[in-house]
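Could you walk me through this model in the viewer, one selection at a time? I would like to know what to pick next and what is there.

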Amino acid sequence: MDEFRAAMDGLAAEYDRQAERLREVYGRLGELSATASSRDRMVTVTVGPRGRVQKIEFDPRIYRRLSPSELAQTIMEQIDAATAEVAEGTRELMAPFVPEGLPYDEVFGEGVDLASFLPRSADLRVEERG
């Protein structure tokens with residue numbers, strides 16, 4: 001029984017270590033951001049966690065250089081570039097937690113709430129029977 005208890009304690013400890021790693025990574029995911037600028041530096045966009053636009057900045061000269069449709073296209077291009085960078089950072093942070101052979105997007109695709117994956121501590125205590 002002692003060997004079994006030791007094995008279960010070891011499993012519980014490993015589970016808790018992995019859960020703590022996942023919590024740490026989840027915290028880092030909330031800090032991810034990326035900034036993308038157009039080639040001419042007229043438009044700069046900052047995107048935060050989950051691709052949420054945090055800031056859009058314009059060089060004042062942009063209004064003389066681009067039509068409204070060109071400006072809109074430039075903004076969208078920078079949002080796409082910054083969002084892709086945040087998505088890649090997310091992929092890198094989460095890669096160790098995705099089982100080999102399982103497509104990342106099936107586990108962490110759009111609309112997935114990563115908090116729902118965070119486990120609680122394991123309680124694998126063995127009750128002794130008298």
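**First stop: Val 53**

Select Val 53: this residue is partly exposed, at a relative accessible area of 37%. Here buried means under 20% relative accessible area, exposed over 50% and partly exposed in between, with a 1.4 Å probe and protein chains only. Val 53 sits in strand 3. Helices (H or I, at least four residues) and strands (E, at least two) are DSSP runs numbered from the N terminus.

Before moving on, a word on the model. It is predicted, so to speak of local features needs pLDDT of at least 70 and side-chain atom pairs count only at pLDDT 80 or more, while totals for chains, interfaces and linings use all residues. Residues are numbered from 1 along each chain as its sequence is written, and side-chain values use heavy atoms, with hydrogens and water left out.

**Around Val 53: a nonpolar patch**

Now add Ile 56, Phe 58 and Tyr 63 to the selection: together with Val 53 they make a nonpolar surface patch of about 360 Å². Strand 3 gives the most to this patch, three residues. Patches are made of residues with over 30% relative accessible area and no salt bridge, with like charges joined within 9 Å and nonpolar side chains (Val, Leu, Ile, Met, Phe, Trp, Tyr) within 5 Å. The areas come from the Shrake-Rupley method with a 1.4 Å probe, and for residues only the protein chains shown count as cover.

**Zoom out: the whole chain**

Colour by secondary structure and you should find four helices and three strands. Read from the N terminus, the order is α-β-β-β-α-α-α. Of the 130 residues, 28% count as buried. The chain exposes about 9500 Å², with carbon and sulfur atoms supplying 50% of that area.

**The strands and their two turns**

Show strand 1 (residues 34-37) with side chains. Ala 34 and Ala 36 point to one face and are buried, whereas Thr 35 and Ser 37 point to the other and are not. In a regular strand the side chains alternate between the two faces of the sheet.

Next, bring in strand 2 (residues 43-47), which pairs with strand 1 in the antiparallel sense over four bridges. Two strands pair if DSSP finds at least two bridges between them. Pick Ser 37 and look across to its bridge partner in strand 2, Thr 44.

Follow the chain between these strands: they form a hairpin with five residues between them. Arg 41 is in that loop, and its phi is near 65 degrees, a positive value in a residue other than glycine. Arg 41 counts as exposed, at 58% relative accessibility.

Strand 3 (residues 53-58) runs antiparallel to strand 2, joined by five bridges. Val 53, where the tour began, is the bridge partner of Val 47. What phi does Arg 50 take in the hairpin of strand 2 and strand 3? Arg 50 has a positive phi near 60 degrees, and this hairpin has five residues between the strands. Arg 50 is exposed, with a relative accessible area of 65%. Most residues other than glycine have a negative phi.

**Inside: the core**

Hide the surface and select Leu 29 and Val 43, the residues with the most contacts inside the largest nonpolar core, which has 18 residues. Helix 1 (2-29), strand 1, strand 2 and helix 3 (68-94) each supply at least two residues of this core. Helix 3 brings the largest share, seven residues. A nonpolar core is a set of buried Ala, Val, Leu, Ile, Met, Phe, Trp, Tyr and Cys residues joined through side-chain atoms within 4.5 Å.

**Leu 66**

Go to the loop between helix 2 (62-65) and helix 3, where Leu 66 is found. Leu 66 is partly exposed, with a relative accessible area of 25%. Leaving aside neighbours within four places in sequence, Leu 66 is in contact (heavy atoms within 4.5 Å) with Leu 71 and Thr 74.

**Last stop: salt bridges**

How many salt bridges does the structure hold? There are three, each a side-chain nitrogen of Lys or Arg within 4 Å of a carboxyl oxygen of Asp or Glu.

- Arg 17 and Glu 14: the closest N and O atoms are 2.8 Å apart, and both residues lie in helix 1, three residues apart.
- Lys 55 and Glu 57: the side chains meet at 3.9 Å, N to O.
- Arg 61 and Asp 59: the N to O distance is 2.8 Å; Arg 61 counts as partly exposed at 39%, while Asp 59 counts as buried at 18%.
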